[in-house]
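Work through these exercises with the model open. Each one sets a task and then solves it step by step.

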Amino acid sequence: MNTTVELPSGKILNLARFIALIPAENTKDDSSDLILEGYPTPIRVNHEDADIIRKFLNLGNTSYPNEKPAWSMEEQLRRNVPRMVALEKYMERNKNMSDEEAQQRQEFFESFKQTVDAERPAGQKLYSES
């Protein structure tokens with residue numbers, strides 16, 4: 001379970017060690033003190049941050065402002081249609097590729113692999129053993 005939450009103030013908290021959220025005393029604003037296990041002092045959070053923490057803890061999810069909506073398979077498939085059409089065209093073009101063009105592409109890729117490996121230190125080569 002993801003227990004990390006980003007607050008409107010920009011603070012990012014891991015609430016796995018949450019102990020308490022207490023209204024701050026002797027303050028003019030509606031701030032609260034967040035107490036986390038293992039942290040020596042409370043963390044002062046403003047009203048908006050405290051609301052997000054309350055929502056996170058009570059609802060058992062991370063729904064807060066600026067969060068992306070839940071993933072939808074239907075929506076993803078709809079967004080993938082143009083990409084799938086482009087992929088089909090690419091595959092069809094490669095299926096009809098001449099032997100000469102295929103050879104040129106293979107030679108280019110071999111040259112690319114040598115260039116990449118030449119720039120990497122020994123023991124960190126991507127395409128060769130040395």
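**Exercise 1.** Find out how the side chains of E110 and K113 meet, and which of the two residues is buried.

*Solution.* Step 1: check the contact. E110 and K113 form a salt bridge, with N and O 3.1 Å apart. The term requires a side-chain nitrogen of Lys or Arg within 4 Å of a carboxyl oxygen of Asp or Glu. Step 2: place the pair. E110 and K113 sit 3 residues apart in helix 3, so about one helical turn separates them. Helices are DSSP runs (H or I, at least four residues), numbered from the N terminus. Step 3: check accessibility. K113 is buried at 19% relative accessible area, while E110 is partly exposed at 31%. Buried means under 20%, exposed over 50%, partly exposed in between (1.4 Å probe, protein chains only).

This is a predicted model: local features need pLDDT of at least 70, side-chain atom pairs count only at pLDDT 80 or more, and totals for chains, interfaces and linings use all residues. Residues are numbered from 1 along each chain as its sequence is written, and side-chain values use heavy atoms, leaving out hydrogens and water.

**Exercise 2.** Characterise the salt bridge between E101 and R105.

*Solution.* Step 1: the N to O distance is 3.4 Å. Step 2: both residues belong to helix 3 (residues 99–119), 4 residues apart, about one turn. Step 3: E101 is partly exposed at 33%, and R105 is partly exposed at 37%.

**Exercise 3.** Do the analysis for E75 and R78.

*Solution.* Step 1: their closest N and O atoms lie 2.4 Å apart, in a salt bridge. Step 2: they are 3 residues apart in helix 2 (residues 73–95), so about one helical turn separates them. Step 3: E75 is partly exposed at 32%, whereas R78 is exposed at 51%.

**Exercise 4.** How many salt bridges does the whole structure hold?

*Solution.* A search of the whole structure gives 6.

Notes. Helices (H or I, at least four residues) and strands (E, at least two) are DSSP runs, numbered from the N terminus.
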